[in-house]
Amino acid sequence: MSESIDTNGHAAGPDAAAHPAPSRPAPIATATRAAAGERHRSVTELSIGEYLIRRLGDYGIRHVFGVPGDYVLHFYDMLAHSPLELVNCTREDCVGYAADAYARINGIGSLCVTYGVGGLSVVNAVAGAFAEKSPVVVISGAPGLRERGERGERPLLHHCVRDWSTQREVFEKICAACVELTDADTAFRDIDRLLDLAARSKRPVYIELPRDMVDVVPESIRPSACPRVRSDPEALAEAVREAAERIAEAEAPVIIAGVELHRFGLQADVIALAEASQIAVASTIMGKSVVSEVHPLYIGLYGGGMGREEVTRFVESSDCRILLGTLMTDIDLGIFTAKLDPWRTIHATSEGLQISHHHYHGVLLEDFIRGLAAARPKAKPRVLPPGPAVARGPFRLEPDAPLTISRLVRRLDESLDDRTVVVADIGDALFATSELVIRGQTEYVSPAYYTSMGFGVPAALGAAVARPDLRVILVAGDGAFQMTGMELSTLVARKLPVVVIVLDNAGYGTERLLQDGTFNDINVWAYERLPEVLGGGTGHVARTEGEFDRALSLALSDPPGLHLIRACLPRDDFSNTLQRLARKLQTRV
Ligand SMILES: Cc1ncc(C[n+]2csc(CCOP(=O)(O)OP(=O)(O)O)c2C)c(N)n1
Ligand SMILES: [Mg+2]
């Protein structure tokens, strides 16, 4: 890939043109907090805190999730007086999950926490964002430089662990890049570099802001050095030519759409390619909802032994599999039961391109997909397996039948439309909802690879904040819900109309399938009474299909309201997908 460096002396982000190059050095001064949002002010007048806020806005960030603390309180206040909206959560891991879900839906997200107790509490959530390529800008406060003692002194300031750099070093392992803004001269350039990297790599970045640097206005601004990455034109042309030839010669090509298509905003490009060439499309579980699941060329989820048999057969017998933006994770590949030999495979991601055994370097994923669509290779006509909407058959409610997970998902499926976001926590919530048929612009958000329990409720918050115009439906296991369910409090406080379905099977059902024991039992809560405790929303209990149907209909016909449906399920009830997967997993625990 060719990289050109923007060294024109100012930010080189999506809205770089909005920033005039600095014309004169400004003295160090204390900036007024109310000024943080004034876009007419020249960059040279801005303090480090103000510049960071302005640049977050340039990247399309409108909300920052967080919990304040004294090391970040002044910056927090600056945020509160800026055009960005602060979303206070109940605890920092929830901040991380919410910012992650927001980033997945909005394209990029941000969080702001205090040092040590705050920063180290978001680590697991940020690790998940790294693993699943979600660009979250982590901002942490830190002790002021002037508080840190002189000549090797090391005052024991509260929230500190070991060295001043300890927290940054932890984040080095789980972020694309980290910076401590300790040098005013390079601070703006560092902010530009990290935001650019987050947007390009779709990975979290970490910015640590010592509290006495927030108001510092740099004396001089060093030029930004954000690389402009482009495809190597010759490598691109050759790769497109080889791929197009293979597709045209193949008997049954198939696209396997992966999660990166979503992260890089390439959904429409993949549809354009599939339609121009009449290629069938499957997706992986991480890539679910990348392509509308009612599209005529869509055949269903592929997941090796975990997926629907006819989809598995179609994909594995294909003589030209085109994996686009697909991460080859164990969950996506049905615990490696997938059979995809490389010589029949084209595999393009943001990190590499392989066609059969040929490796191409310097070809961007978006250029490859667009180039292929423009080449319009024609796939041979053939019969496709029915899409999931047809394969599942019609649904008829049995009002008195005890509720089961498969039937719950079937009923939920009837109510989805293209104005819905489905958030799934892990456990059978993930596997069962993978059987939903996601429509149109519907989003499906789930930590399907990193699989951290407790993602669901805060992620529903992040999703609802990012897209208040859509209806968010969360499905969470009772175990996962007990981890972060109190974040409902923020949904209630902000009057966000989320429908929360808690799958109550009195414990860790997924683990019961692998290795049963009393360690999988949890204390059963009266989940339906939480709205009363939290001061808003309506609780429901559903033991039969009829009760679930009524609760869901009520919830969906009450657009401004928060609803929590406790779905009581038998202990030994599992979705088809989980049962198929468990058979594979049992051999490994
Ligand atoms: C943070 C975290 N801790 C532990 C696990 C291991 N784990 C995977 S599934 C599971 C049980 C999930 O229980 P629940 O949320 O009730 O869903 P169910 O399996 O009952 O559908 C556990 C403990 C995990 N994935 N994430
Ligand atoms: Mg459970």
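**Exercise 1. Describe the shell around ligand 1 by its residues, by the helices that supply them and by residue class.**

Solution. Begin with the count: in this predicted model, ligand 1 is surrounded by 18 residues, and the closest are Gly427, Gly477, Gly479, Gly509 and Thr510. Next, look for the helices that take part: helix H14 (428–433), helix H16 (478–484) and helix H18 (509–514) each supply at least two residues of this shell. Finally, sort the shell around ligand 1 by class, which gives 6 nonpolar, 9 polar and 3 charged residues.

**Exercise 2. Work out the strand order of the open sheet of 7 strands, and identify its edge strands.**

Solution. Following the pairing from one strand to the next yields the order E11-E10-E9-E12-E13-E14-E15, in an open sheet whose pairing is mixed. Strand E11 (298–301) and strand E15 (358–360) are the edge strands, since each pairs on one side only. From one strand to the next, the twist averages 20°. For a single pair within the sheet, take strand E12 (residues 320–324) and strand E13 (residues 345–349), which run parallel and are joined by 4 bridges; here Ile322 stands opposite Ile346 in E13.

**Exercise 3. Divide the protein chain into domains, and characterise the contact between domain 1 and domain 3.**

Solution. The assignment divides the protein chain into domain 1 (3–210), domain 2 (235–388) and domain 3 (394–577). The centres of domain 1 and domain 3, taken over C-alpha atoms, are separated by 33 Å. Their contact draws 21 residues from domain 1 and 22 residues from domain 3. On the side of domain 1 that touches domain 3, strand E2 (63–67), helix H3 (92–106) and helix H4 (123–131) each supply at least two residues, and H3 gives the most, with 11 residues. By class, this side of domain 1 consists of 12 nonpolar, 5 polar and 4 charged residues.

**Exercise 4. Decide whether Ile207 is buried or exposed, and list its contacts.**

Solution. Ile207 lies in strand E7 (residues 205–210). Because 27 other C-beta atoms lie within 10 Å, Ile207 is buried, the threshold for that class being 20 or more. Once neighbours within four places in sequence are left aside, Ile207 is in contact with Leu52, Val137, Val138, Ile139, Val179, Leu181, Ile191 and Leu194. For one of these partners, Val179, the C-alpha to C-alpha distance from Ile207 is 5.2 Å, although the two residues are 28 residues apart in sequence.

**Exercise 5. Place Pro253 in its strand, then determine whether Pro253 is buried or exposed and which residues it touches.**

Solution. Pro253 is found in strand E9 (residues 253–257). It has 26 C-beta neighbours inside 10 Å and therefore counts as buried. Not counting residues up to four places away in sequence, Pro253 touches Ile247, Ile279, Ser318, Cys320, Ile322 and Ala379. By contrast with these contacts, the C-alpha atoms of Pro253 and Gly325, which are 72 residues apart along the chain, are separated by 17 Å.

**Exercise 6. For Ser356 and Arg376, state the phi angle, the place in the chain and the exposure.**

Solution. Consider Ser356, which has a positive phi of about 55° although it is not a glycine. Ser356 sits in the loop between strand E14 (352–355) and E15, and, because 16 other C-beta atoms lie within 10 Å, it is partly exposed. Turn then to Arg376, not a glycine either, whose phi is positive at about 45°. The loop that holds Arg376 runs between helix H11 (365–375) and helix H12 (388–391). Arg376 has 15 other C-beta atoms within 10 Å and so is partly exposed.

Definitions and conventions. Residues are numbered from 1 along each chain as its sequence is written. Chains are lettered from A and ligands numbered from 1 in the order in which they are written. This is a predicted model: local features need pLDDT of at least 70, side-chain atom pairs count only at pLDDT 80 or more; totals for chains, interfaces and linings use all residues. A residue is near a molecule or strand if its C-beta atom, placed from the backbone, lies within 6 Å of it. Ala, Val, Leu, Ile, Met, Phe, Trp, Tyr, Cys and Pro count as nonpolar, Asp, Glu, Lys and Arg as charged, and the others, Gly among them, as polar. Two strands pair if DSSP finds at least two bridges between them. Axes are lines fitted to C-alpha atoms, for helices over the stretch in contact, and angles run from 0 to 180 degrees between N-to-C directions. Domain bounds come from an automatic or database domain assignment. Two residues are in contact if their C-beta atoms, placed from the backbone, lie within 7 Å. A residue is buried if 20 or more other C-beta atoms lie within 10 Å of its own, exposed if 12 or fewer, and partly exposed in between; C-beta atoms are placed from the backbone.
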